Amino acid sequence: MPARLPVRGVLVDGAVALTLTYLVVAATLDPPGPAFTGPVWLVWLTGAALGLSSALRRLRPAPTALVVTAVAATATATGVVGAGVIWVSWAPVGLALYTAAVRSGRTAAVTALAGALAAAAVTVPWFYRRTGIATADAPASEVPLWWQVELGTVAVLLAAAWATGRVVRWRRAVAAESARRSAAEAVAAERLRIAREVHDIVGHSMSLIAVRATVANHVAAHRPDEASAALATIERTSRAALTEIRHLLDVLRTDDDGDAELAPAPGVADLPDLADRLRSVGVPVELRVSGADDLPPGIDRTVYRIAQEALTNVLRHADARRCRVTVRAADDLVRVEVVDDGRTRRAADRRGGGRGLVGMRERVTAYGGTLTTGVRPEGGFQVVADLPYPRREHP
């Protein structure tokens, strides 16, 4: 069943229907040519049938177009139209064709147009030949009453209304397709963002837990204090990971619970805690941060994730005795540099693959930045990310 129209649409259609009814009646009773000599009630009945039928055009576009066309053709053939302004009686047909062109498929719309043009082509000449007024031999002063002019006017009216409807339908289809693609791209981008977040959270936390669990397993019997410290690190890391995962899941909730408080996403301010966690598993991390106290939220989170992924790679792949993390923001650019002195070049080389560096590169590219990674000539590995950001204006 067709969708119900809003109240505003019903009022508009009703007003249009009444206006068309009045115009058809006025044009028939007071035309430029000879007036209709039949009963007035027949004129009003014809006007109502043409005008009021158009009120249903949005609910039943194609049937309404066929009905209005039939009424207009019958009125023209029987002479219940205004000589010289027959196009007024066909105006409701044009409106119905417009609606059919907008709301119906190609076959139904073309059929409605062809039927209307054919009906006009038959009945308009028949009206003039039947009444015997304004033939092709009429004087120049009566040119508006030539049936060729009347038929041309009606044909242009119907074709223009139909073509306008098809253009409107095409533009709406293009807009709907564009909206669909935009929504699909937004969903894909969000999935990619979530995948990166999960990779960073789980990858970093599980690496720390694995290292500390291995230590605890080896020293549990002989050095219980060290095993206890390792287990404490595992507890802190797992709790932090659970908090971040819970935050991510809260963001994905689809209910309307507006009272749910979401924990802030990690940023530059959380880098000291990140460094402490690495130090607790035996990776000496030197952290230097300058000028990065007021970064935009997206840049702030990206800086943290880049440092987190780089440090996770150091933990996984490098036998590093020293690791330095430098975050420096100045002149609308923030640079993140993570350098280690891993002694095994082969292990550092392996850090060029996998999803970690790919995820970092995607994050940096999203903000128009650059990422440089590679083995250092003196040994070890380095990750350098440059992220441009607009400077905030302070009052």
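Two strands are said to pair when DSSP finds at least two bridges between them, and that criterion will be wanted at the second stop of this tour, which is made through a predicted model.

**First stop: the helical core**

Begin by selecting Ile86, Trp90, Val93, Leu97 and Leu158, which are the residues with the most contacts inside the largest nonpolar core, a set of 37 residues. To see where this core draws its members from, colour helices H1 (7–29), H2 (40–53), H3 (61–78), H4 (86–103), H5 (106–131) and H6 (147–219), each of which gives two or more residues to it. Among these helices, H5 gives the most to the core, with 9 residues.

Now centre the view on Val93 and display what surrounds it: once its neighbours within four places in sequence are left aside, Val93 is in contact with Val68, Thr69, Ala72, Ala116 and Leu158. Apart from this core lies another one, of 35 residues, and selecting Val268, Val314, Val383 and Leu387, which are among them, will take you there.

**Second stop: strand E5 and its partners**

Next select residues 381–388, which make up strand E5; because 6 of its 8 residues are buried, this strand is largely enclosed by the rest of the structure. Add strand E3, residues 333–340, and you will find that E3 and E5 pair in the antiparallel sense over 8 bridges. A useful landmark along this pairing is Val336, which stands opposite Ala385 in E5.

Then add strand E4, residues 370–375, which also runs antiparallel to E5 and is joined to it by 6 bridges. Here the pair to pick out is Thr372 and, opposite it in E5, Val384. While the three strands are on display, it may help to remember that in a regular strand the side chains alternate between the two faces of the sheet. Following the chain from E4 to E5 takes you round a hairpin with 5 residues between the two strands, and in its turn Gly379 has a positive phi of about 105°.

**Third stop: a nonpolar patch on the surface**

Finally, return to the helices, switch to a surface representation and select Tyr22, Leu23, Leu29, Val40 and Trp44, which together make a nonpolar surface patch of about 500 Å². Helices H1 and H2 each supply at least two residues of this patch, and the largest share, 3 residues, comes from H1.

Is Val40, which belongs to helix H2, buried or exposed? Neither word fits, because Val40 has a relative accessible area of 44% and is therefore partly exposed, a class that lies between under 20% for buried and over 50% for exposed.

Conventions
Residues numbered from 1 in each chain as written. Predicted model: local features only at pLDDT ≥ 70, side-chain atom pairs only at ≥ 80, totals over all residues. Heavy atoms only, no water. Core = buried A, V, L, I, M, F, W, Y, C linked by side-chain atoms within 4.5 Å. Buried < 20%, exposed > 50% of the residue type's maximum accessible area, 1.4 Å probe, protein only. Helix = DSSP H or I, 4+ residues; strand = E, 2+ residues; numbered from the N terminus. Contact = heavy atoms within 4.5 Å. Patch = residues over 30% accessible without salt bridge, like charges linked within 9 Å, V, L, I, M, F, W, Y side chains within 5 Å. Areas by Shrake-Rupley, 256 points an atom, 1.4 Å probe, with all protein chains shown as cover. Salt bridge = Lys/Arg side-chain N within 4 Å of Asp/Glu carboxyl O.
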